[in-house]
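Me: Got a minute to go through a structure with me? I'd like to talk about side-chain contacts.

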Amino acid sequence: MALFGWVVVSTLLGWWVGAGVLGALNTINISSCAPTVFRRPHYNKEVIQRHEEQLDILKKLIEDGTCAYFYFDFGTNLAVSLRKLYQPQYYPGAPLVDMFQEKFGENRSQVCSVGFEPGATHTPWLSRLQTAYRKAGWPTVIFTETALSHMNGIMLFFNIESYAGSGSSVMDV
């Protein structure tokens, strides 16, 4: 069983970050609809406001010089990669932990992590994790209900229930 909804993909910003481009962050806003009866898409004002707040936090981290390094997580899901970055003790022997150690060293307080997760089912968990990580001194910004795209426009977003909300994709319409 798949759940369908309209997705609005639109560019929020593009900045230079160090030697690379953060690029165009694109938001998706999901409104529920039945698989056979589609409604016109609309913007979810709460999601847009949350994105603006996240952008302000990310801009401040960059302007303050907090970030010596950036780690981008495209398709954050339940943030296992971020947890390996900031809590490696819970993932002994994981190859990603070794790579993080080699690239970032022990002190992760100057590693800014930026995540993007389109699946709305993960929003509550990711919001709590982000708050906990910030309190611990780990600069974390997770754009929930957000996807990246090479285009602006409207796409169909769906979750596959058999994956407990972890399987999702977009389709061009």
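**Rings and charges**

Reply: Start with W138: this side chain is partly exposed, at 21% relative accessibility. Keep in mind that the model is predicted.

Me: Why does W138 count as partly exposed and not buried?

Reply: Buried means under 20% relative accessible area. W138 has 21%, so it counts as partly exposed.

Me: And Y86, buried or exposed?

Reply: Y86 is buried, with a relative accessibility of 4%.

Me: How are the rings of Y86 and W138 arranged?

Reply: Their centres are 5.2 Å apart and their planes sit at 15 degrees. Planes under 30 degrees apart count as stacked, so this pair is stacked.

Me: Where in the chain do the two sit?

Reply: Y86 belongs to helix α2, residues 80–86. W138 is in the loop between α4 (123–135) and β8 (140–144). They are 52 residues apart, and the pair links distant parts of the chain.

Me: How many aromatic pairs in the whole structure?

Reply: The search finds 10. One of them is F70 with F72, a stacked pair at 5.8 Å centre to centre and 10 degrees between the planes.

Me: How accessible are F70 and F72?

Reply: F70 is partly exposed at 24% relative accessible area. F72 is partly exposed too, at 27%.

Me: Which residues do ring pairs link into a cluster?

Reply: F70, F72, F74, F116 and F143.

Me: Switching to charges. How many salt bridges?

Reply: The count is two. R50 pairs with E145, and the closest N and O atoms are 2.9 Å apart. K60 pairs with D64, with the closest N and O atoms 2.8 Å apart.

Me: Where are R50 and E145?

Reply: R50 is in helix α1, residues 45–63. E145 lies in the loop between β8 and β9. The two are 95 residues apart, so this salt bridge also links distant parts of the chain.

Me: Which end of that bridge is buried?

Reply: E145 is, with a relative accessible area of 11%. R50 is partly exposed at 22%.

Me: What about D64?

Reply: D64 is partly exposed, with 47% relative accessible area. The cut-off for exposed is over 50%, so D64 does not reach it.

Me: Last one. Where is L148?

Reply: L148 is in the loop between β8 and β9 (153–160). Its relative accessibility is 35%, which counts as partly exposed. The C-alpha atoms of L148 and P118 are separated by 8.7 Å, with these positions 30 residues apart along the chain.

How values were computed:
Residues are numbered from 1 along each chain as its sequence is written. This is a predicted model: local features need pLDDT of at least 70, side-chain atom pairs count only at pLDDT 80 or more; totals for chains, interfaces and linings use all residues. Side-chain values use heavy atoms; hydrogens and water are left out. Rings of Phe, Tyr and Trp (its six-membered ring) pair if their centres lie within 6.5 Å; planes under 30 degrees apart count as stacked, over 60 as edge-to-face and the rest as tilted. Buried means under 20% relative accessible area, exposed over 50%, partly exposed in between (1.4 Å probe, protein chains only). Helices (H or I, at least four residues) and strands (E, at least two) are DSSP runs, numbered from the N terminus. A salt bridge is a side-chain nitrogen of Lys or Arg within 4 Å of a carboxyl oxygen of Asp or Glu.
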